[in-house]
Amino acid sequence: MTASAGNDPASAPRRYTVVLRPGPRPEGGTGREGILRTALVDSTGELGTSGYPRYEGEGVQADIDPETRTVEAVTLDGSELPYGWVAQVAEN
């Protein structure tokens, strides 16, 4: 995948908070139910294997689409997420 204006690491936000949950957020939830772990991740200035900017911090590596704020790829402590877990960018 080639970089477009939307996934240029130089124009992407410098930091996100990634939230790890045991599945999609329940309808009508307050947003804190089922949070297993959070991590503050900083831009590495590089693109990840998904083609989106790479972020790292607190044991999490994530490729995040800055236009949609979607986590496109993620590892936790060097491994894939446990089955059923999902990663999302925190709503600020």
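Val 18 touches a broad set of residues beyond its own stretch of sequence: leaving out residues up to four places away, its partners are Arg 37, Thr 38, Ala 39, Val 41, Val 60, Ala 62, Ile 64, Ala 87 and Gln 88, where contact means heavy atoms within 4.5 Å. Val 18 also belongs, with Val 41, Val 60 and Ile 64, to the residues with the most contacts inside the largest nonpolar core, which has 15 residues. Such a core is a set of buried Ala, Val, Leu, Ile, Met, Phe, Trp, Tyr and Cys residues joined through side-chain atoms within 4.5 Å. At least two residues of this core come from each of E1, E2, E4, E5 and E6. Here, buried means under 20% relative accessible area, exposed over 50%, and partly exposed in between, with a 1.4 Å probe and protein chains only.

The model is predicted, with local features needing pLDDT of at least 70 and side-chain atom pairs counting only at pLDDT 80 or more, while totals for chains, interfaces and linings use all residues. Residues are numbered from 1 along each chain as its sequence is written, and side-chain values use heavy atoms, with hydrogens and water left out.

The secondary structure comes to zero helices and six strands, in the pattern β-β-β-β-β-β along the sequence. Helices (H or I, at least four residues) and strands (E, at least two) are DSSP runs, numbered from the N terminus. The six strands form an open sheet in the order E5-E4-E3-E2-E1-E6, with antiparallel pairing; two strands pair if DSSP finds at least two bridges between them. Strand E5 (70-76) and strand E6 (86-89) each have a single partner strand, so these edge strands have one side without a neighbour in the sheet. From one strand to the next, the twist averages 35 degrees, taken between axes that are lines fitted to C-alpha atoms (for helices over the stretch in contact), with angles running from 0 to 180 degrees between N-to-C directions.

At one end of this order, strand E4 (residues 60-65) is joined to E5 by six bridges, and the two run antiparallel. Across this pairing, Gln 61 stands opposite Thr 75, and Asp 63 stands opposite Ala 73. The hairpin of E4 and E5 has four residues between the strands, and Arg 69 takes a positive phi near 60 degrees there. Arg 69 is partly exposed, at 35% relative accessibility. Another positive phi in a residue other than glycine is that of Glu 58, near 55 degrees; Glu 58 lies in the loop between strand E3 (53-57) and E4.

Turning to charged side chains, a search of the whole structure finds three salt bridges, a salt bridge being a side-chain nitrogen of Lys or Arg within 4 Å of a carboxyl oxygen of Asp or Glu. One of them pairs Asp 42 with Arg 15, with the closest N and O atoms 2.6 Å apart. This pair links distant parts of the chain, since Asp 42 is in strand E2 and Arg 15 in strand E1, 27 residues apart. Asp 42 counts as partly exposed, at 31% relative accessibility. Another salt bridge brings together the side chains of Arg 37 and Asp 77, at 2.9 Å from N to O. Arg 37 is in strand E2 while Asp 77 is in the loop between E5 and E6, so this pair ties together parts 40 residues apart in sequence. Arg 37 is partly exposed at 26% relative accessibility, whereas Asp 77 is exposed, with a relative accessible area of 53%. There is also a salt bridge between the side chains of Arg 54 and Asp 63, at 2.4 Å from N to O, and both of these residues are buried.

The loop between strand E1 (15-21) and strand E2 (37-47) holds Ile 35. Ile 35 and Arg 21 are 14 residues apart in sequence, yet their C-alpha atoms are 4.9 Å apart in space. Apart from neighbours within four places in sequence, Ile 35 is in contact with Val 19, Leu 20 and Arg 21. At 24% relative accessibility, Ile 35 counts as partly exposed.

Over the whole chain of 92 residues, 36% count as buried. Among contacts between residues at least 6 apart in sequence, 40% join residues at least 24 apart. The chain exposes about 5,500 Å², of which carbon and sulfur atoms supply 48%; accessible areas come from the Shrake-Rupley method with a 1.4 Å probe, and for residues only the protein chains shown count as cover.
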